Amino acid sequence: MALNGRSMPAPDQQARRARAAVAALFLTNGAVFFNVVPRYPEIKAGLDVGNAVFGGAVAGMPIGALLAGLFAGAAVRRFSSARVAAFGVVAMAVVTPAIPFVSHWTAFWGVLFVLGALDAVMDVAQNAHGLRVQRLYRRSIVNSFHGVWSIGAVLGGLMGSAAAGLHLPLSVHLTISAVLISAVALVAYRFLLPGSDDAERAVVATPAPERPGVLSEASGDATGRAGRRWRPAVRALIALGVLAACGALVEDAGESWGALFLSGDLGAGAATAGLAVVVFQAAMTVGRLTGDRVVDRFGNRTVARAGGLLAAAGMGGALAVPSVATALAGFALAGLGVATVVPAAMHAADELPGLPPGAGLTVVSWLLRGGFLISPLIVGAVADLAGLRMGLLSVVFAGVMTVLLARSLAGRFRPRSERA
């Protein structure tokens, strides 16, 4: 195995199995909660609350994620990314059947808080394990994992929409999905990589003794120089975090408000309204599965700018000329537009020079959760004041911000192992 990454053998059977296992975890992570999303109109009606209160209840998930995200690294170090990722999915699946039994919005908030906490820890673990596999492959495969997550979200959304259309009791629906998802996660656990989470890093890491920004100077004034070198990295990290939050805002709009917009403002039936999240995630899936090739050809910056324009124009057009067809098209274009934004921001942050290993990814992941927290509160408040149609203008705003912040996705953000 050459350390410069230029003469690598093909991944062995263990690596290929581990990649499939990580993909299965991303799939189930996407499916577990999206079984619930298409049934939001039914849940909201049962709670008998307005848009602002419902938005506050939905915010329980990102709040739980923000708080638990602070401990995700410690959990992974203590129990390993494999255990946390696999059993985290099982825990999420087991919690979701509690939703049908809540009778007050605060209880719904509590269930989502727990789900968010579990999801944050599990998400860090599955990405950490995916990066282990990527080091063995010595090429980018992270977009494909996020694409499989979107496939899982589509499958979960279809299950939820079908259950709503069939008037299947929510308790029965979520129990069935919990059993199926848990079984897949437990099987996947058997094929994840064994050993330390740093094992592959030690094997494939490329030395960079003179790489700018590395804070390992031995001279007497190293501390001062290190402090100065942190500043550009911190500024870039903030920009990447806000960029990821914009992607989160668009994703939340499709996930939390699509079905409500179609069923409320446009009068669509339960099954049709549930298709909002399906078309959004389907378009995002296409964008992520093809994202690696598109980014290789045009670069992350160009792709993000084009995607931001696509999301803003698509949703702007749908809100300007509202109908079921234009709304579904608008959500699809928004999903396609932001497909690679979050993976690109996370990867770019992980490659920033001048930061400890994993620090950039952790911070951007945490700020991403902040976007999921702020989004439902903003959209819900605006919706109660001026209608959900106005609240969804947040997607247009996020698309414009993505165009402006795409400059932080420079061409230098490539896997270290692929650099000459």
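In this predicted model, helix 17 (residues 359–386) supplies the largest share of a nonpolar surface patch, with three residues. The patch is formed by Ile374, Ile378, Val382, Met390 and Leu393 and covers about 390 Å². One of these residues, Ile378, is located in helix 17. Ile378 has a relative accessibility of 40% and is therefore classed as partly exposed, since that class lies between the limits of 20% for buried and 50% for exposed residues.

The protein chain as a whole contains 19 helices and zero strands. It has 420 residues, of which 54% count as buried. The exposed area of the chain is about 17400 Å², and 67% of this area comes from carbon and sulfur atoms. When contacts between residues at least 6 apart in sequence are considered, 86% of them join residues at least 24 apart.

In the interior, the largest nonpolar core comprises 115 residues. Within this core, the residues with the most contacts are Leu25, Tyr40, Ile99, Phe108 and Leu262. Helix 11 (residues 222–265) gives the most to the core, contributing 15 residues. The surroundings of Leu25 can be listed in detail. With neighbours within four places in sequence left aside, Leu25 touches Ala85, Ala86, Val89, Met122, Gln126, Ala185, Ala188 and Leu192.

Charged side chains also pair with one another, and the count of salt bridges is four. One of them joins Arg369 to Asp119, with the closest N and O atoms 2.7 Å apart. Arg369 belongs to helix 17 and Asp119 to helix 7 (residues 105–137), so this pair ties together parts that are 250 residues apart in sequence. Arg369 has a relative accessible area of 11% and is therefore buried. Asp119 is likewise classed as buried, because its relative accessible area is 10%.

Arg369 also forms a salt bridge with Asp123, at an N to O distance of 3.3 Å. Asp123 is in helix 7 and Arg369 in helix 17, so this pair connects parts that are 246 residues apart in sequence. Asp123 and Arg369 are both buried.

A further salt bridge is found between Arg288 and Glu251, whose closest N and O atoms are 3.4 Å apart. Arg288 is in helix 12 (residues 270–289) and Glu251 in helix 11, and the pair links distant parts of the chain, 37 residues apart. Arg288 has a relative accessibility of 2% and so counts as buried. Glu251 is buried as well, with a relative accessible area of 5%. Through salt bridges that share partners, Asp119, Asp123 and Arg369 are joined into one network.

A polar side chain in the interior is that of Thr402, a residue of helix 19 (residues 393–405). Thr402 is buried, because its relative accessible area is 0%. A polar atom of the Thr402 side chain lies 2.8 Å from the backbone oxygen of Ala398. Apart from neighbours within four places in sequence, Thr402 is in contact with Leu243, Cys246, Ala304, Gly308 and Val341.

Key:
Residues are numbered from 1 along each chain as its sequence is written. This is a predicted model: local features need pLDDT of at least 70, side-chain atom pairs count only at pLDDT 80 or more; totals for chains, interfaces and linings use all residues. Side-chain values use heavy atoms; hydrogens and water are left out. A nonpolar core is a set of buried Ala, Val, Leu, Ile, Met, Phe, Trp, Tyr and Cys residues joined through side-chain atoms within 4.5 Å. Buried means under 20% relative accessible area, exposed over 50%, partly exposed in between (1.4 Å probe, protein chains only). Helices (H or I, at least four residues) and strands (E, at least two) are DSSP runs, numbered from the N terminus. Contact means heavy atoms within 4.5 Å. Patches are made of residues with over 30% relative accessible area and no salt bridge: like charges are joined within 9 Å, nonpolar side chains (Val, Leu, Ile, Met, Phe, Trp, Tyr) within 5 Å. Accessible areas come from the Shrake-Rupley method with a 1.4 Å probe; for residues, only the protein chains shown count as cover. A polar contact is a pair of N or O atoms within 3.5 Å; within protein, one must be able to donate a hydrogen and the other to accept it, and residues adjacent in sequence count only if both atoms are side-chain atoms.
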